[in-house]
Amino acid sequence: MKLMDGDRLLPIRCGRRGFLVGAGFLTGLAVASQLRPVMAKPRFSAYPFSLGVASGDPLADSVVLWTRLAPDPLNGGGMTPENVVVRWQVALDEKMKRVVKRGTAIATPELAHSVHVDVGGLKPGRWYWYQFQVDNELSPIGRTRTAGAFFTPIQQLNFAFASCQDWQNGYYTAYRHLADEELDFVVHLGDYIYEYGPLPGGQRQHNSPEIITLADYRNRHALYKTDPNLQAAHAAFPWIVTWDDHEVENNYANLIPEENQSQAEFVVRRANAYQAYYEHMPLRLASLPKGPDMQLYRRFNFGNLATFNVLDTRQYRTDQPCDDGLKPRCSQAFAPDATMTGLEQERWLLNGLDNSPAIWNVIAQQTMLAEFDFDARPEIELFNMDQWDGYVAARQRLLNFLQQRQPSNPIVITGDIHSSWVHDLKADFNNPSSATVGTEFVGTSISSDFPNQFIAPVQAALSNNPHTKFFDGAFRGYVRCNLNRDRWQSDYRVVSDITDNNASISTLASFVVLNGQPGAQQI
């Protein structure tokens, strides 16, 4: 984010194409395994589980377990180019005594010795603990939870969403506090890493110049994964992840780079970034990249209480209009063929909303959906072209759908902008008295900065944007959400200082949405 410049894969099972891609990849690994014997007694120069453990993509009967063998994490991992057998087990208790599932996985150099174990046959809506082992080396113990069974009544759900964790801006103290929350899962909305080279004056420094190659992206992901607070948050809950721009390059759009790269060069760069992202996230085989393409939008059901539609608004979008940045909207911002999601993903989203039996229908996505004019002067309009304000027709199609088809309780959760916002989503943002058709909660960053000089202008512009119910640009943290059959509550949890490893946590503001009454009320 640069504020002032500015039936496919479906919810429960992968489709046929995903299976064939995965099957082909596994065939390739099988051939490679025949050519490269598995190490019987691997020797490590240091502890191989230096990047911790994680779980993700929770379904009612399965969850993905992740780790990566990396005794020298910031120098390519420090593994020899051989296959390694990794044992795993899942238990009903944190001491790993009551084991219910166990097996082996092969960590291959092709995937940076990462493993993604899709453990099936689990019971819905319950906690499990898991651990990996290589030879005599044991990983930390992680905790995970399955989703409630589809159509099953669930009384409540607790989760948090986070985004934007620039290593150089500050510490991840927010994640230490998040790990102590009582949550069922975490949603990460993007900017898990940043691609920039070292920036002067930061609390911490990146480990290389701007990243381009596969080795660069692997080392940058490894740097972020070495943070103990981030590891603790991953080990405490399953995560549902999606990306934004900095996992590849700031403000890229589809195959269009921000900088002066050729498209051919950028295709290679995107493929490198996507592969490293998969290698470091608890994702299913269905998300395995195929060159510069990766299936990431998907759907998760938590009983009949909530459905989460997780979007990818980078891989398929058209170029930002009006030369990007913060400026008055040009005619291209209203183009009917301009898209944030691509038409296939848009159809998938609307079809899922239209057929959802859930009480709460969540759209988990990246950039601010609500309109916001950043200039307080009535004669001048300034909009962020990287947000949905640069894709007015695509946004209006979604808002029209929400008004006409009325899926139950649409809630949009958003990251990207390094600040906290609450919006009523209006059928017509030019008419404040038009119907409110949904609610958007925009979370601040874990550590990425919102420049102080922009806080006052945004506050001054609030009166021109009456659908915006809350804004704060001073604090960093995450949003904790509790939902039941009657209401949704979002608590904006913020740390006192991102430059302090011992920063305290507090609730900055809380908002409630009542079942059947779109729009947020502060409590």
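Visitor: What is the order of the strands in the open sheet of seven strands?

Guide: Happy to start there, keeping in mind that this is a predicted model. The sheet is open, and its pairing is mixed. Its seven strands follow the order E13-E14-E16-E18-E20-E19-E21.

Visitor: Why is one side of certain strands left without a neighbour in the sheet, and which strands are they?

Guide: Two strands stand at the edges, and each has a single partner strand, so one side of each lacks a neighbour in the sheet. They are E13 (298-302) and E21 (468-472).

Visitor: Which residue in E16 stands opposite Thr 307?

Guide: Let's look at the pairing of E14 (residues 306-310) with E16 (residues 360-364). These two strands run parallel and are joined by five bridges. Opposite Thr 307 stands Asn 361.

Visitor: What angle does the direction of helix H7 make with that of E20?

Guide: H7 (residues 392-405) packs on the sheet, where it touches E16, E18 (410-414), E19 (420-426) and E20 (436-442). With the direction of E20 (436-442), the direction of H7 makes an angle of about 125°.

Visitor: Which element gives the most to the largest nonpolar core?

Guide: That core has 48 residues, and Tyr 175, Leu 178, Trp 239, Tyr 277, Leu 283 and Met 294 touch the most other members. Elements giving two or more residues include strand E7 (127-134), helix H2 (173-179) and helix H5 (263-279). With six residues, the one that gives the most is H5.

Visitor: How many residues are in the second, separate core?

Guide: Among its members are Val 310, Ile 359, Ile 411 and Ala 520. The count for this second core is 34 residues.

Methods:
Residues are numbered from 1 along each chain as its sequence is written. This is a predicted model: local features need pLDDT of at least 70, side-chain atom pairs count only at pLDDT 80 or more; totals for chains, interfaces and linings use all residues. Side-chain values use heavy atoms; hydrogens and water are left out. Two strands pair if DSSP finds at least two bridges between them. Helices (H or I, at least four residues) and strands (E, at least two) are DSSP runs, numbered from the N terminus. Contact means heavy atoms within 4.5 Å. Axes are lines fitted to C-alpha atoms, for helices over the stretch in contact, and angles run from 0 to 180 degrees between N-to-C directions. A nonpolar core is a set of buried Ala, Val, Leu, Ile, Met, Phe, Trp, Tyr and Cys residues joined through side-chain atoms within 4.5 Å. Buried means under 20% relative accessible area, exposed over 50%, partly exposed in between (1.4 Å probe, protein chains only).
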